[in-house]
Amino acid sequence: MFTGAKYARSGDVSIAYQVVGDGPVDLVLVLGWVSHLAYVWELPAMAAFLNRLASFSRLILFDKRGCGMSDRVHPLPTLEQRMDDVRAVLDAAGSKKAALIGISEGGVMSALFAATYPERTAGLIIDGSYPSALRRPGYPWGATEEQFEKRIGTVKDVWGTGWGMDRYAPSQLGNPEVARWWGMFTQFSASPGDAEDLFRMNTLIDIRNILPAIQVPTLIIHAREDKVAPIEAGRYLAEHIPTARLLELDSIDHWPYFGDADLVIGEIQEFLTGVRSSPTPETMLATVLCTNVAQAGAHAVWLGGKRWNELVDRHHGVVRKALARHSGREIEAGERGITAVFDGTARAIRCALEVRDELLNLGLRIQAGLHAGECEVSDGRPRGTALHVASSVMGAAQPGEVLVSGTVKDLVVGSGVEFASRGNREFAGLPGSWSLFAAGPAKPSGDGPVVRAALAAELSRREREVALLLAGGLSNREIAGRLYLSERTVDNHVHHILDKLGFDSRVQVATWLARNEHLS
(Lines give C-alpha, C1' and ligand atoms only; values in the text may rest on other atoms or scores of the structure.)
Protein backbone atom coordinates (compact mmCIF):
# COMPACT_ATOMS: atom_id res chain seq x y z
CA MET A 1 0.00 0.00 0.00
CA PHE A 2 1.05 3.60 -0.46
CA THR A 3 2.13 5.20 2.82
CA GLY A 4 3.63 8.40 1.43
CA ALA A 5 6.60 9.26 -0.74
CA LYS A 6 10.15 10.04 0.29
CA TYR A 7 12.47 12.04 -1.92
CA ALA A 8 16.02 11.38 -3.03
CA ARG A 9 18.15 14.16 -4.47
CA SER A 10 19.77 13.41 -7.80
CA GLY A 11 21.66 16.54 -8.64
CA ASP A 12 19.07 19.31 -8.56
CA VAL A 13 16.15 16.91 -9.18
CA SER A 14 13.90 15.33 -6.53
CA ILE A 15 13.06 11.67 -7.17
CA ALA A 16 10.02 10.23 -5.36
CA TYR A 17 10.46 6.75 -3.92
CA GLN A 18 8.86 4.30 -1.51
CA VAL A 19 10.16 1.25 0.37
CA VAL A 20 7.77 -1.64 1.09
CA GLY A 21 8.60 -4.85 2.96
CA ASP A 22 11.68 -5.92 4.93
CA GLY A 23 12.89 -9.03 3.09
CA PRO A 24 16.56 -10.04 2.83
CA VAL A 25 16.94 -8.88 -0.79
CA ASP A 26 16.63 -5.29 -1.99
CA LEU A 27 14.55 -5.23 -5.19
CA VAL A 28 14.13 -2.09 -7.29
CA LEU A 29 11.09 -2.03 -9.58
CA VAL A 30 11.52 0.05 -12.73
CA LEU A 31 8.16 0.54 -14.45
CA GLY A 32 7.72 1.29 -18.13
CA TRP A 33 6.74 4.35 -20.13
CA VAL A 34 5.27 6.40 -17.25
CA SER A 35 4.50 5.83 -13.59
CA HIS A 36 2.84 7.34 -10.53
CA LEU A 37 4.07 6.13 -7.16
CA ALA A 38 0.73 6.55 -5.36
CA TYR A 39 -1.81 5.64 -8.05
CA VAL A 40 0.03 2.46 -9.00
CA TRP A 41 -1.54 0.94 -5.86
CA GLU A 42 -5.12 1.73 -6.93
CA LEU A 43 -5.46 -1.28 -9.24
CA PRO A 44 -6.14 -4.33 -7.02
CA ALA A 45 -4.24 -6.73 -9.29
CA MET A 46 -1.24 -4.39 -9.33
CA ALA A 47 -1.35 -3.90 -5.56
CA ALA A 48 -1.47 -7.67 -5.07
CA PHE A 49 1.53 -8.07 -7.40
CA LEU A 50 3.55 -5.47 -5.47
CA ASN A 51 2.62 -6.90 -2.09
CA ARG A 52 3.72 -10.37 -3.20
CA LEU A 53 7.10 -8.97 -4.28
CA ALA A 54 7.42 -7.19 -0.95
CA SER A 55 6.69 -10.42 0.93
CA PHE A 56 10.18 -11.76 0.14
CA SER A 57 12.13 -8.56 -0.59
CA ARG A 58 12.63 -5.00 0.47
CA LEU A 59 10.80 -3.54 -2.51
CA ILE A 60 11.93 -0.10 -3.68
CA LEU A 61 9.56 1.79 -5.99
CA PHE A 62 10.28 5.14 -7.59
CA ASP A 63 9.05 7.56 -10.24
CA LYS A 64 11.60 8.33 -12.92
CA ARG A 65 12.41 12.00 -13.34
CA GLY A 66 9.93 13.61 -15.69
CA CYS A 67 6.86 11.71 -14.52
CA GLY A 68 4.67 10.84 -11.56
CA MET A 69 5.58 12.44 -8.24
CA SER A 70 9.16 13.23 -9.25
CA ASP A 71 10.28 16.56 -10.66
CA ARG A 72 9.31 17.40 -14.22
CA VAL A 73 12.37 18.21 -16.29
CA HIS A 74 13.06 19.73 -19.69
CA PRO A 75 14.73 18.63 -21.81
CA LEU A 76 13.83 15.04 -21.07
CA PRO A 77 16.43 12.92 -19.24
CA THR A 78 19.02 10.72 -20.86
CA LEU A 79 19.50 7.10 -19.85
CA GLU A 80 22.64 8.16 -17.98
CA GLN A 81 20.64 10.62 -15.89
CA ARG A 82 18.01 8.00 -15.17
CA MET A 83 20.71 5.59 -13.97
CA ASP A 84 21.98 8.35 -11.69
CA ASP A 85 18.46 8.58 -10.29
CA VAL A 86 18.49 4.86 -9.45
CA ARG A 87 21.79 5.25 -7.64
CA ALA A 88 20.41 8.26 -5.74
CA VAL A 89 17.34 6.25 -4.68
CA LEU A 90 19.51 3.30 -3.58
CA ASP A 91 21.68 5.63 -1.52
CA ALA A 92 18.66 7.33 0.06
CA ALA A 93 17.12 3.95 0.90
CA GLY A 94 20.37 2.73 2.43
CA SER A 95 20.86 -0.02 -0.16
CA LYS A 96 24.40 -1.05 -1.11
CA LYS A 97 23.33 -3.64 -3.68
CA ALA A 98 19.95 -4.50 -5.18
CA ALA A 99 18.32 -6.62 -7.82
CA LEU A 100 16.47 -4.73 -10.55
CA ILE A 101 13.25 -5.74 -12.22
CA GLY A 102 12.46 -3.71 -15.33
CA ILE A 103 9.05 -4.01 -16.96
CA SER A 104 8.56 -2.99 -20.60
CA GLU A 105 10.60 0.19 -21.27
CA GLY A 106 11.95 -0.14 -17.72
CA GLY A 107 13.84 -3.23 -18.83
CA VAL A 108 16.03 -1.17 -21.16
CA MET A 109 17.30 1.13 -18.41
CA SER A 110 17.64 -1.76 -15.95
CA ALA A 111 19.81 -3.68 -18.42
CA LEU A 112 22.07 -0.67 -18.95
CA PHE A 113 22.35 -0.12 -15.18
CA ALA A 114 23.34 -3.76 -14.62
CA ALA A 115 26.07 -3.53 -17.26
CA THR A 116 27.38 -0.20 -15.93
CA TYR A 117 27.16 -0.84 -12.18
CA PRO A 118 27.60 -4.60 -11.63
CA GLU A 119 28.93 -3.94 -8.13
CA ARG A 120 25.53 -2.54 -7.14
CA THR A 121 23.41 -5.07 -9.04
CA ALA A 122 22.56 -8.36 -7.32
CA GLY A 123 20.52 -9.62 -10.26
CA LEU A 124 18.54 -8.47 -13.27
CA ILE A 125 14.96 -9.36 -14.22
CA ILE A 126 13.60 -8.12 -17.54
CA ASP A 127 9.87 -8.56 -18.19
CA GLY A 128 8.23 -7.84 -21.55
CA SER A 129 11.06 -5.67 -22.84
CA TYR A 130 13.31 -5.37 -25.90
CA PRO A 131 16.79 -4.21 -26.93
CA SER A 132 15.29 -1.90 -29.56
CA ALA A 133 11.70 -0.83 -30.12
CA LEU A 134 12.49 0.00 -33.76
CA ARG A 135 13.34 -2.35 -36.62
CA ARG A 136 17.07 -2.11 -37.37
CA PRO A 137 19.64 -3.94 -39.53
CA GLY A 138 20.02 -7.43 -38.09
CA TYR A 139 16.98 -6.87 -35.87
CA PRO A 140 13.72 -7.25 -37.85
CA TRP A 141 11.31 -7.48 -34.88
CA GLY A 142 10.79 -3.83 -34.00
CA ALA A 143 8.32 -1.33 -35.40
CA THR A 144 8.98 0.31 -38.75
CA GLU A 145 9.51 4.06 -38.98
CA GLU A 146 6.01 4.40 -40.45
CA GLN A 147 4.44 2.42 -37.63
CA PHE A 148 6.36 4.46 -35.07
CA GLU A 149 5.25 7.80 -36.54
CA LYS A 150 1.64 6.61 -36.73
CA ARG A 151 1.62 5.55 -33.09
CA ILE A 152 3.34 8.65 -31.78
CA GLY A 153 0.97 10.84 -33.76
CA THR A 154 -1.97 9.56 -31.72
CA VAL A 155 -0.49 9.85 -28.21
CA LYS A 156 -1.67 13.38 -27.39
CA ASP A 157 -5.18 12.77 -28.73
CA VAL A 158 -5.82 9.57 -26.78
CA TRP A 159 -3.85 10.24 -23.59
CA GLY A 160 -5.89 9.48 -20.49
CA THR A 161 -8.62 7.55 -22.34
CA GLY A 162 -7.41 4.04 -21.52
CA TRP A 163 -5.84 3.78 -24.98
CA GLY A 164 -3.64 0.74 -25.55
CA MET A 165 -5.50 -1.81 -23.43
CA ASP A 166 -5.86 -4.08 -26.47
CA ARG A 167 -2.05 -4.33 -26.55
CA TYR A 168 -1.04 -4.07 -22.89
CA ALA A 169 -3.64 -6.40 -21.38
CA PRO A 170 -5.89 -8.06 -23.98
CA SER A 171 -7.16 -10.51 -21.37
CA GLN A 172 -8.67 -7.59 -19.43
CA LEU A 173 -10.65 -5.95 -22.23
CA GLY A 174 -13.87 -7.06 -20.55
CA ASN A 175 -12.76 -5.58 -17.22
CA PRO A 176 -13.63 -1.86 -17.11
CA GLU A 177 -11.84 -1.49 -13.76
CA VAL A 178 -8.47 -1.96 -15.49
CA ALA A 179 -9.27 0.46 -18.33
CA ARG A 180 -10.41 3.14 -15.88
CA TRP A 181 -7.29 2.66 -13.79
CA TRP A 182 -5.01 2.90 -16.83
CA GLY A 183 -6.74 6.07 -18.03
CA MET A 184 -6.34 7.79 -14.65
CA PHE A 185 -2.85 6.36 -14.12
CA THR A 186 -1.60 7.89 -17.36
CA GLN A 187 -3.15 11.27 -16.59
CA PHE A 188 -1.55 11.35 -13.15
CA SER A 189 1.80 10.16 -14.51
CA ALA A 190 2.48 12.69 -17.28
CA SER A 191 0.96 15.40 -19.43
CA PRO A 192 0.08 14.51 -23.05
CA GLY A 193 3.09 16.44 -24.35
CA ASP A 194 5.51 14.83 -21.90
CA ALA A 195 4.05 11.41 -22.66
CA GLU A 196 4.70 11.92 -26.36
CA ASP A 197 8.29 13.04 -25.71
CA LEU A 198 8.94 10.09 -23.38
CA PHE A 199 7.47 7.69 -25.92
CA ARG A 200 9.76 9.08 -28.62
CA MET A 201 12.85 8.88 -26.42
CA ASN A 202 12.12 5.32 -25.27
CA THR A 203 11.47 4.15 -28.80
CA LEU A 204 14.71 5.53 -30.25
CA ILE A 205 17.00 3.78 -27.72
CA ASP A 206 19.06 0.80 -28.91
CA ILE A 207 21.02 -1.26 -26.32
CA ARG A 208 21.91 -4.28 -28.44
CA ASN A 209 25.65 -3.59 -28.31
CA ILE A 210 25.83 -3.52 -24.51
CA LEU A 211 24.03 -6.81 -23.87
CA PRO A 212 27.21 -8.99 -23.85
CA ALA A 213 28.61 -6.73 -21.10
CA ILE A 214 25.87 -7.78 -18.64
CA GLN A 215 27.54 -10.28 -16.31
CA VAL A 216 25.06 -10.41 -13.41
CA PRO A 217 22.52 -13.28 -13.08
CA THR A 218 19.63 -12.45 -15.41
CA LEU A 219 16.07 -13.73 -15.78
CA ILE A 220 14.13 -12.83 -18.93
CA ILE A 221 10.32 -13.14 -18.72
CA HIS A 222 8.26 -12.73 -21.87
CA ALA A 223 4.76 -13.62 -23.10
CA ARG A 224 4.70 -15.56 -26.34
CA GLU A 225 1.83 -13.47 -27.76
CA ASP A 226 2.94 -10.08 -26.44
CA LYS A 227 1.57 -7.42 -28.80
CA VAL A 228 3.87 -4.63 -27.55
CA ALA A 229 7.20 -6.47 -27.58
CA PRO A 230 7.25 -9.64 -29.71
CA ILE A 231 8.58 -12.84 -28.17
CA GLU A 232 11.57 -12.61 -30.54
CA ALA A 233 12.70 -9.54 -28.58
CA GLY A 234 12.83 -11.56 -25.37
CA ARG A 235 14.64 -14.38 -27.11
CA TYR A 236 17.17 -11.91 -28.52
CA LEU A 237 17.89 -10.60 -25.01
CA ALA A 238 18.32 -14.14 -23.67
CA GLU A 239 20.67 -15.10 -26.50
CA HIS A 240 22.92 -12.03 -26.14
CA ILE A 241 23.14 -11.69 -22.34
CA PRO A 242 25.68 -14.34 -21.27
CA THR A 243 24.08 -15.18 -17.92
CA ALA A 244 20.41 -15.02 -18.99
CA ARG A 245 17.68 -17.60 -18.59
CA LEU A 246 14.41 -17.19 -20.51
CA LEU A 247 10.93 -17.93 -19.16
CA GLU A 248 8.32 -17.89 -21.93
CA LEU A 249 4.77 -17.35 -20.74
CA ASP A 250 1.81 -18.88 -22.56
CA SER A 251 0.04 -15.51 -22.46
CA ILE A 252 -1.31 -12.66 -24.58
CA ASP A 253 -0.66 -9.93 -21.98
CA HIS A 254 2.24 -7.50 -22.05
CA TRP A 255 1.69 -6.72 -18.34
CA PRO A 256 2.39 -9.58 -15.89
CA TYR A 257 -0.13 -8.52 -13.22
CA PHE A 258 -3.10 -10.75 -14.10
CA GLY A 259 -3.35 -14.42 -15.08
CA ASP A 260 0.43 -14.99 -15.03
CA ALA A 261 1.10 -13.17 -11.74
CA ASP A 262 1.59 -16.26 -9.54
CA LEU A 263 3.94 -17.93 -12.03
CA VAL A 264 5.96 -14.74 -12.61
CA ILE A 265 6.31 -13.95 -8.91
CA GLY A 266 7.23 -17.55 -8.10
CA GLU A 267 10.01 -17.47 -10.71
CA ILE A 268 11.27 -14.11 -9.42
CA GLN A 269 11.28 -15.33 -5.82
CA GLU A 270 13.17 -18.50 -6.71
CA PHE A 271 15.61 -16.53 -8.86
CA LEU A 272 16.39 -14.09 -6.02
CA THR A 273 16.15 -16.32 -2.93
CA GLY A 274 16.45 -19.91 -4.14
CA VAL A 275 13.01 -20.81 -2.77
CA ARG A 276 9.48 -20.50 -4.02
CA SER A 277 6.31 -20.12 -1.95
CA SER A 278 2.66 -20.24 -2.93
CA PRO A 279 0.50 -17.18 -2.28
CA THR A 280 -1.50 -17.33 0.91
CA PRO A 281 -5.19 -16.99 0.01
CA GLU A 282 -6.72 -13.86 1.44
CA THR A 283 -10.35 -13.84 2.42
CA MET A 284 -12.79 -11.08 3.15
CA LEU A 285 -16.39 -10.80 4.23
CA ALA A 286 -18.23 -9.00 1.47
CA THR A 287 -21.76 -8.30 0.37
CA VAL A 288 -22.08 -9.18 -3.30
CA LEU A 289 -24.56 -7.45 -5.62
CA CYS A 290 -25.48 -8.98 -8.99
CA THR A 291 -27.81 -7.21 -11.41
CA ASN A 292 -29.45 -8.24 -14.66
CA VAL A 293 -31.43 -6.15 -17.13
CA ALA A 294 -34.83 -7.76 -17.67
CA GLN A 295 -35.78 -8.25 -21.34
CA ALA A 296 -32.26 -7.26 -22.42
CA GLY A 297 -32.59 -9.35 -25.55
CA ALA A 298 -35.81 -7.60 -26.54
CA HIS A 299 -34.17 -4.20 -26.01
CA ALA A 300 -31.23 -5.19 -28.18
CA VAL A 301 -33.48 -6.46 -31.00
CA TRP A 302 -35.70 -3.37 -31.05
CA LEU A 303 -32.88 -0.85 -30.73
CA GLY A 304 -30.24 -2.38 -32.93
CA GLY A 305 -26.55 -2.62 -32.10
CA LYS A 306 -25.53 1.03 -31.89
CA ARG A 307 -28.48 2.33 -29.87
CA TRP A 308 -28.45 -0.70 -27.59
CA ASN A 309 -24.75 -0.16 -26.85
CA GLU A 310 -25.47 3.48 -26.05
CA LEU A 311 -28.19 2.38 -23.62
CA VAL A 312 -25.78 -0.12 -22.04
CA ASP A 313 -23.29 2.72 -21.52
CA ARG A 314 -26.00 4.82 -19.86
CA HIS A 315 -26.89 1.84 -17.65
CA HIS A 316 -23.26 1.41 -16.62
CA GLY A 317 -22.98 5.13 -15.89
CA VAL A 318 -25.97 5.03 -13.53
CA VAL A 319 -24.68 1.96 -11.71
CA ARG A 320 -21.13 3.27 -11.35
CA LYS A 321 -22.28 6.59 -9.91
CA ALA A 322 -24.37 4.71 -7.36
CA LEU A 323 -21.43 2.44 -6.52
CA ALA A 324 -19.26 5.49 -5.92
CA ARG A 325 -21.88 7.01 -3.59
CA HIS A 326 -22.25 3.81 -1.58
CA SER A 327 -18.57 2.71 -1.54
CA GLY A 328 -19.12 -0.31 -3.75
CA ARG A 329 -16.44 -1.82 -5.99
CA GLU A 330 -17.28 -3.10 -9.45
CA ILE A 331 -15.67 -6.43 -10.29
CA GLU A 332 -17.41 -7.33 -13.54
CA ALA A 333 -19.63 -5.60 -16.09
CA GLY A 334 -21.44 -6.87 -19.14
CA GLU A 335 -24.31 -6.02 -21.45
CA ARG A 336 -26.90 -7.40 -19.05
CA GLY A 337 -25.64 -6.19 -15.70
CA ILE A 338 -22.89 -5.59 -13.18
CA THR A 339 -21.39 -7.50 -10.25
CA ALA A 340 -20.01 -5.47 -7.33
CA VAL A 341 -18.88 -5.98 -3.75
CA PHE A 342 -19.40 -3.88 -0.62
CA ASP A 343 -17.89 -3.91 2.84
CA GLY A 344 -21.23 -2.76 4.29
CA THR A 345 -24.44 -4.74 3.83
CA ALA A 346 -26.92 -1.88 4.39
CA ARG A 347 -25.03 0.27 1.88
CA ALA A 348 -25.24 -2.54 -0.66
CA ILE A 349 -29.02 -2.80 -0.28
CA ARG A 350 -29.54 0.96 -0.56
CA CYS A 351 -27.30 1.05 -3.61
CA ALA A 352 -29.32 -1.73 -5.26
CA LEU A 353 -32.62 0.06 -4.56
CA GLU A 354 -31.24 3.33 -5.89
CA VAL A 355 -29.95 1.67 -9.06
CA ARG A 356 -33.31 -0.04 -9.60
CA ASP A 357 -35.20 3.26 -9.29
CA GLU A 358 -32.88 5.29 -11.50
CA LEU A 359 -32.73 2.68 -14.23
CA LEU A 360 -36.51 2.48 -14.31
CA ASN A 361 -36.49 6.10 -15.42
CA LEU A 362 -34.49 4.94 -18.44
CA GLY A 363 -37.17 2.36 -19.15
CA LEU A 364 -35.01 -0.49 -17.83
CA ARG A 365 -36.15 -2.94 -15.18
CA ILE A 366 -33.50 -4.99 -13.40
CA GLN A 367 -33.35 -8.09 -11.28
CA ALA A 368 -30.97 -7.62 -8.34
CA GLY A 369 -29.62 -10.22 -5.95
CA LEU A 370 -27.51 -9.78 -2.81
CA HIS A 371 -25.70 -12.21 -0.54
CA ALA A 372 -23.07 -11.71 2.16
CA GLY A 373 -20.34 -14.25 2.71
CA GLU A 374 -16.64 -14.99 2.77
CA CYS A 375 -14.84 -14.34 -0.51
CA GLU A 376 -11.35 -15.39 -1.47
CA VAL A 377 -9.31 -12.56 -2.95
CA SER A 378 -7.23 -13.66 -5.94
CA ASP A 379 -5.40 -11.17 -8.15
CA GLY A 380 -7.13 -8.47 -6.16
CA ARG A 381 -10.58 -9.74 -7.19
CA PRO A 382 -13.09 -11.48 -4.90
CA ARG A 383 -14.06 -15.00 -5.91
CA GLY A 384 -15.91 -17.88 -4.34
CA THR A 385 -19.28 -19.22 -3.27
CA ALA A 386 -20.70 -15.86 -2.18
CA LEU A 387 -20.66 -14.67 -5.78
CA HIS A 388 -22.46 -17.79 -6.97
CA VAL A 389 -25.13 -17.42 -4.28
CA ALA A 390 -25.69 -13.74 -5.13
CA SER A 391 -26.03 -14.64 -8.82
CA SER A 392 -28.55 -17.38 -7.98
CA VAL A 393 -30.55 -15.00 -5.78
CA MET A 394 -30.62 -12.52 -8.64
CA GLY A 395 -31.93 -15.20 -10.98
CA ALA A 396 -34.84 -15.80 -8.61
CA ALA A 397 -35.81 -12.11 -8.49
CA GLN A 398 -38.73 -10.72 -10.45
CA PRO A 399 -38.09 -7.78 -12.80
CA GLY A 400 -37.93 -4.63 -10.66
CA GLU A 401 -37.19 -6.62 -7.50
CA VAL A 402 -34.18 -6.44 -5.16
CA LEU A 403 -33.95 -9.90 -3.64
CA VAL A 404 -31.60 -10.75 -0.74
CA SER A 405 -30.59 -13.90 1.09
CA GLY A 406 -31.53 -14.47 4.71
CA THR A 407 -27.90 -13.80 5.64
CA VAL A 408 -28.17 -10.27 4.27
CA LYS A 409 -31.47 -9.64 6.06
CA ASP A 410 -30.00 -10.77 9.39
CA LEU A 411 -27.00 -8.47 9.04
CA VAL A 412 -29.02 -5.25 8.71
CA VAL A 413 -31.30 -5.56 11.72
CA GLY A 414 -32.09 -2.04 12.92
CA SER A 415 -31.13 -0.38 9.64
CA GLY A 416 -34.72 0.56 8.79
CA VAL A 417 -34.74 -1.49 5.58
CA GLU A 418 -38.05 -3.30 5.08
CA PHE A 419 -38.29 -6.87 3.81
CA ALA A 420 -41.01 -9.13 2.47
CA SER A 421 -40.57 -12.89 2.57
CA ARG A 422 -40.29 -14.70 -0.76
CA GLY A 423 -40.02 -18.19 0.74
CA ASN A 424 -37.21 -20.71 0.44
CA ARG A 425 -35.37 -21.81 -2.71
CA GLU A 426 -32.84 -24.45 -3.62
CA PHE A 427 -30.16 -23.48 -6.11
CA ALA A 428 -28.38 -25.83 -8.49
CA GLY A 429 -24.86 -26.58 -7.34
CA LEU A 430 -25.36 -24.99 -3.92
CA PRO A 431 -26.14 -27.00 -0.78
CA GLY A 432 -29.21 -26.53 1.37
CA SER A 433 -32.25 -24.29 1.12
CA TRP A 434 -31.97 -20.51 0.99
CA SER A 435 -34.44 -18.05 2.55
CA LEU A 436 -35.15 -15.13 0.26
CA PHE A 437 -36.56 -11.67 0.98
CA ALA A 438 -37.53 -8.72 -1.20
CA ALA A 439 -35.91 -5.49 0.05
CA GLY A 440 -37.60 -2.10 0.11
CA PRO A 441 -41.01 -1.09 -1.23
CA ALA A 442 -42.45 -3.20 -4.02
CA LYS A 443 -42.56 -0.17 -6.31
CA PRO A 444 -39.89 2.53 -6.25
CA SER A 445 -40.68 6.05 -5.18
CA GLY A 446 -39.26 9.32 -6.47
CA ASP A 447 -39.94 11.96 -9.06
CA GLY A 448 -39.51 9.68 -12.08
CA PRO A 449 -43.17 8.56 -12.38
CA VAL A 450 -44.42 12.12 -11.84
CA VAL A 451 -42.21 13.44 -14.60
CA ARG A 452 -43.22 10.69 -17.03
CA ALA A 453 -46.89 11.09 -16.12
CA ALA A 454 -46.67 14.78 -16.93
CA LEU A 455 -45.13 13.94 -20.27
CA ALA A 456 -47.91 11.45 -20.91
CA ALA A 457 -50.39 14.35 -20.99
CA GLU A 458 -48.76 15.37 -24.26
CA LEU A 459 -49.80 12.13 -25.93
CA SER A 460 -52.89 12.35 -28.09
CA ARG A 461 -55.78 9.93 -27.62
CA ARG A 462 -54.68 7.98 -30.70
CA GLU A 463 -51.07 7.87 -29.50
CA ARG A 464 -52.22 6.44 -26.18
CA GLU A 465 -54.13 3.72 -28.04
CA VAL A 466 -51.05 2.91 -30.12
CA ALA A 467 -48.84 2.91 -27.00
CA LEU A 468 -51.09 0.38 -25.26
CA LEU A 469 -51.07 -1.94 -28.27
CA LEU A 470 -47.34 -1.79 -28.86
CA ALA A 471 -46.83 -2.41 -25.12
CA GLY A 472 -48.89 -5.54 -25.63
CA GLY A 473 -46.32 -6.78 -28.11
CA LEU A 474 -48.14 -6.01 -31.38
CA SER A 475 -46.10 -5.10 -34.44
CA ASN A 476 -46.79 -1.88 -36.36
CA ARG A 477 -48.61 -3.88 -39.03
CA GLU A 478 -50.79 -5.59 -36.43
CA ILE A 479 -51.56 -2.24 -34.77
CA ALA A 480 -52.50 -0.78 -38.16
CA GLY A 481 -54.94 -3.64 -38.75
CA ARG A 482 -56.44 -3.31 -35.27
CA LEU A 483 -57.01 0.47 -35.54
CA TYR A 484 -57.79 0.56 -39.28
CA LEU A 485 -54.81 2.80 -40.00
CA SER A 486 -52.05 2.63 -42.58
CA GLU A 487 -48.78 1.12 -41.43
CA ARG A 488 -46.98 4.39 -42.24
CA THR A 489 -49.37 6.28 -39.96
CA VAL A 490 -48.63 3.83 -37.14
CA ASP A 491 -44.90 4.24 -37.79
CA ASN A 492 -45.32 7.99 -37.32
CA HIS A 493 -47.34 7.52 -34.11
CA VAL A 494 -44.69 5.22 -32.63
CA HIS A 495 -41.97 7.71 -33.53
CA HIS A 496 -43.89 10.54 -31.83
CA ILE A 497 -44.57 8.42 -28.72
CA LEU A 498 -40.90 7.56 -28.27
CA ASP A 499 -39.87 11.14 -28.90
CA LYS A 500 -42.36 12.64 -26.42
CA LEU A 501 -41.52 10.15 -23.67
CA GLY A 502 -37.78 10.30 -24.28
CA PHE A 503 -37.54 6.55 -24.82
CA ASP A 504 -35.52 4.47 -27.27
CA SER A 505 -37.62 1.35 -27.64
CA ARG A 506 -41.05 -0.27 -27.38
CA VAL A 507 -39.85 -2.29 -24.40
CA GLN A 508 -39.26 0.94 -22.48
CA VAL A 509 -42.81 2.07 -23.28
CA ALA A 510 -44.17 -1.23 -21.99
CA THR A 511 -42.14 -0.90 -18.80
CA TRP A 512 -43.30 2.67 -18.29
CA LEU A 513 -46.97 1.75 -18.78
CA ALA A 514 -46.62 -1.13 -16.33
CA ARG A 515 -45.25 1.30 -13.78
CA ASN A 516 -48.01 3.84 -14.40
CA GLU A 517 -51.02 1.53 -14.55
CA HIS A 518 -53.44 4.43 -13.96
CA LEU A 519 -52.51 5.78 -17.41
CA SER A 520 -53.33 2.53 -19.21
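A residue counts as buried under 20% relative accessible area, as exposed over 50%, and as partly exposed in between. The model examined here is predicted. By that scale, Ser327 is partly exposed, because its relative accessible area is 47%. Ser327 sits in the loop between helix H12 (305-325) and S10. Its phi is near 60°, a positive value in a residue other than glycine.

Tyr484 shows a positive phi too, about 60°, although it is not a glycine. Tyr484 lies in the loop between helix H18 (476-483) and helix H19 (487-501). Its relative accessibility is 75%, so Tyr484 counts as exposed. A further backbone feature concerns Pro75. The peptide bond from His74 to Pro75 is cis, with omega near 0°. Pro75 belongs to the loop between S4 and H2.

The overall fold comes next. The chain contains 20 helices and 16 strands. Of its 520 residues, 55% are buried. Contacts in the chain between residues at least 6 apart in sequence were also examined: 72% of them join residues at least 24 apart.

The largest nonpolar core holds 58 residues. Within this core, Trp33, Leu50, Trp255 and Ile268 touch the most other members. Helix H1 (residues 44-54) gives the most to the core, with 7 residues. A second, separate core has 42 residues, including Tyr17, Val73, Leu90 and Ala229.

Trp33 has many partners beyond its neighbours within four places in sequence. Its contacts there are Lys64, Glu105, Val155, Trp159, Trp163, Tyr168, Ala195, Leu198, Phe199 and Asn202.

H1 itself is mostly covered. Of its 11 residues, 9 are buried. These are Pro44, Ala45, Met46, Ala47, Phe49, Leu50, Arg52, Leu53 and Ala54. Leu50 is thus on this buried list, and it is also one of the core residues that touch the most other members. The cover over the buried residues of H1 includes both strands and helices. Among the strands are S2 (13-20), S3 (26-30), S4 (58-62) and S10 (329-333). The helices include H7 (176-189) and H10 (261-273).

Helix H17 (residues 461-471) offers another burial pattern. Its buried residues are Glu463, Val466, Ala467, Leu469 and Leu470. They lie on the same side of H17, because they cover an arc of only 170° around the axis. An α-helix has 3.6 residues a turn, so residues three or four places apart point the same way. H17 is followed by Gly473, whose phi is positive, near 95°.

Internal space was also searched. Across the whole structure there are 7 cavities of 30 Å³ or more. The largest cavity has a volume of about 170 Å³. Its lining comprises 15 residues. Nearest its centre lie Gly32, Val34, Trp182, Trp255 and Tyr257. Trp255 therefore appears in the lining of the largest cavity and among the core residues that touch the most other members. H7 supplies the largest share of this lining, 3 residues. By class, the lining has 11 nonpolar, 3 polar and 1 charged residues.

The second largest cavity has a volume of about 70 Å³. Its lining consists of Val30, Leu31, Lys64, Leu79, Arg82, Glu105, Gly106, Val108, Met109, Tyr130, Asn202 and Ile205. Helix H2 (79-92) and helix H3 (105-116) each supply at least two of these residues. The largest share, 4 residues, comes from H3. The lining divides into 7 nonpolar, 2 polar and 3 charged residues. Lys64, Glu105 and Asn202 belong to this lining, and each is also in contact with Trp33.Arg245 completes the survey. This residue is found in strand S8 (residues 244-249). Arg245 is partly exposed, with a relative accessible area of 40%. Leaving aside neighbours within four places in sequence, Arg245 is in contact with Thr218, Leu219, Ile220 and Glu267. Arg245 and Ile221 are 24 residues apart in sequence, and their C-alpha atoms are 8.6 Å apart in space.

Definitions and conventions
Residues are numbered from 1 along each chain as its sequence is written. This is a predicted model: local features need pLDDT of at least 70, side-chain atom pairs count only at pLDDT 80 or more; totals for chains, interfaces and linings use all residues. Side-chain values use heavy atoms; hydrogens and water are left out. Buried means under 20% relative accessible area, exposed over 50%, partly exposed in between (1.4 Å probe, protein chains only). Helices (H or I, at least four residues) and strands (E, at least two) are DSSP runs, numbered from the N terminus. The arc is that of the directions from the helix axis to the C-beta atoms. A nonpolar core is a set of buried Ala, Val, Leu, Ile, Met, Phe, Trp, Tyr and Cys residues joined through side-chain atoms within 4.5 Å. Contact means heavy atoms within 4.5 Å. On a 1 Å grid over the protein atoms alone, a cavity is a set of points where a 1.4 Å probe fits but cannot get out, and a pocket is an open set with protein on both sides within 12 Å along at least five of seven lines; lining residues have an atom within 4 Å of a point. Grid points are joined across faces, edges and corners, and a volume is the space filled by probe spheres set on the points. Ala, Val, Leu, Ile, Met, Phe, Trp, Tyr, Cys and Pro count as nonpolar, Asp, Glu, Lys and Arg as charged, and the others, Gly among them, as polar.
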